[in-house]
Amino acid sequence: MKKIFPLYRVNYSFPKLFYKLLIINLLLDIFSFWSQPGGVTAVLRITLLYGSIAFLLVLRKASFNINKPIIIFSLYVLGQLIFAQDVAYSLKVSLQIITSLMMFFVGYGIIQNENDFIGYIKQFYWIYILIIVNTILSNYFKVGSDNYTESADYMVGGLSDLWNVYTYSLIMLPLLIHYKIRSKYILYFVSIIVLILLILSLKRIAIGGVVFAIIGFLFFFKKKMKVFKYLLFFIPIVISLSPFYADTLEGRIEARADKGRFESNFYETEARYMELLMMEDWITNFKEPLSILFGLKAFDTRGALHGGERQFHVDYTLILYSIGVIGLILYFSIYFALFRKANKYFKKIKKSEMLMDEYKIHIISVLVLLLTSLLTSLAGQMYHITFRMMIFMTIGAIFRLVAIRLNNRPDQIQLES
């Protein structure tokens, strides 16, 4: 099959809406500042996503067997609601976490052929465009100040706490280039702008996620010079464009310095560091064995650390403290199953030189997505749906495409068991 697929010639196996879910969710995030928590954007999101899950898993009778650990973890999380002190709050957080995981099945279910996958993956190009347009309009109309530096020099609308969207959209660039979704120079241009906008965020984990992903691609690709060639192309351009953003970057760095964030002992005041100390003490003392094993707090850690309404800052401490060691094991079992499936597919495509040429980048992208998500979880936000959808829905879509190609039966609808 040719690798050039113009954007206007994609025919979908399912309603077009399924192949636009990431874009729609990003738009809901952008306009979220116009809606109260639990308001119209939240209702639209939950209706859209659970409608999609119901359609594919109930009406289309898709199989859960493609990743049972997701179902087991989800049932365990919902079972924790029995012990919730604030059922409404725990239910909201639990559904946010479960929803993004369940989108793995949607991504797997909507892919029936390579055209479907191209229709899905091209969303990331439009995500670049949305991020850029959102930044331009937010700064022009002064909407959505960045809550990280509490300054108005860099406005980002409703994306003020969603920098991982930038990270994971950039990770998909190699696949966009592979399928020639647009001219490679257009893709280079928009991705460089998104990268610069991410750098301006000063979010260490989100920026580190991109760096970590690059290292991942370098590690898994045998043709490392090809990756270096892209780096040697991108880095000088990012530096050469610095006159356009240097003042903003300098101002934001100074704002952080004024808060003492560059002091050698500043990390001791950060929530993620204090959480780790608290968890170490909590586990080693072993005064609450049932809580350590099962959590029994239903994803509600508010007030656990020096009072206040803020949840734990690190995904792993959030899971461990609220749903226990069992919950953490079940969560990691999802990743273990996905790594095993990726390894299984990789071993199969290695048997064919043609399949390796076509689909090696797909499996490497899965591995990089999984490994990077383990890193960015140090900054928390596992209950932010959009960027978590990017991870799990994309992995599901890639697995389905590779499974179809390996089985050489692209016309089948029944999902792999």
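**Briefing: surface patches and buried parts**

Arg-45 has its place in helix α2, which covers residues 40-59. The model described here is a predicted one, and the points below look at what lies covered and at what lies on the surface. Arg-45 belongs to the covered part, since its relative accessible area is 11%, and buried means under 20%.

**Covered parts**

- Leaving aside residues up to four places away in sequence, Arg-45 touches Asn-25, Leu-28, Asp-29, Ile-385 and Thr-386.
- Helix α7, made of residues 163-171, is mostly covered, with nine of its nine residues buried.
- Among the buried residues of α7 are Trp-163, Tyr-166 and Tyr-168, together with Asn-164, Thr-167 and Ser-169, and the list of buried residues in this helix also includes Val-165, Leu-170 and Ile-171.

**A patch of positive charge**

- On the surface, Lys-180, Lys-184, Lys-223, Lys-226 and Lys-229 gather in a patch of positive charge.
- One of these residues, Lys-229, lies in helix α11, which runs over residues 224-240.
- Lys-229 has a relative accessible area of 53% and therefore counts as exposed, because the word exposed is used for values over 50%.

**A nonpolar patch**

- Val-133, Ile-136, Leu-137, Tyr-140 and Phe-141 make a nonpolar patch of about 560 Å² on the surface.
- Ile-136, which is part of this patch, is found in helix α6, residues 123-141.
- With a relative accessible area of 53%, Ile-136 is exposed, whereas Arg-45 in helix α2 is buried.

Key. Residues are numbered from 1 along each chain as its sequence is written. This is a predicted model: local features need pLDDT of at least 70, side-chain atom pairs count only at pLDDT 80 or more; totals for chains, interfaces and linings use all residues. Side-chain values use heavy atoms; hydrogens and water are left out. Patches are made of residues with over 30% relative accessible area and no salt bridge: like charges are joined within 9 Å, nonpolar side chains (Val, Leu, Ile, Met, Phe, Trp, Tyr) within 5 Å. Accessible areas come from the Shrake-Rupley method with a 1.4 Å probe; for residues, only the protein chains shown count as cover. A salt bridge is a side-chain nitrogen of Lys or Arg within 4 Å of a carboxyl oxygen of Asp or Glu. Lys and Arg count as positive and Asp and Glu as negative; His and the chain ends are not counted. The place of a charge is taken as NZ of Lys, CZ of Arg, CG of Asp or CD of Glu. Helices (H or I, at least four residues) and strands (E, at least two) are DSSP runs, numbered from the N terminus. Buried means under 20% relative accessible area, exposed over 50%, partly exposed in between (1.4 Å probe, protein chains only). Contact means heavy atoms within 4.5 Å.
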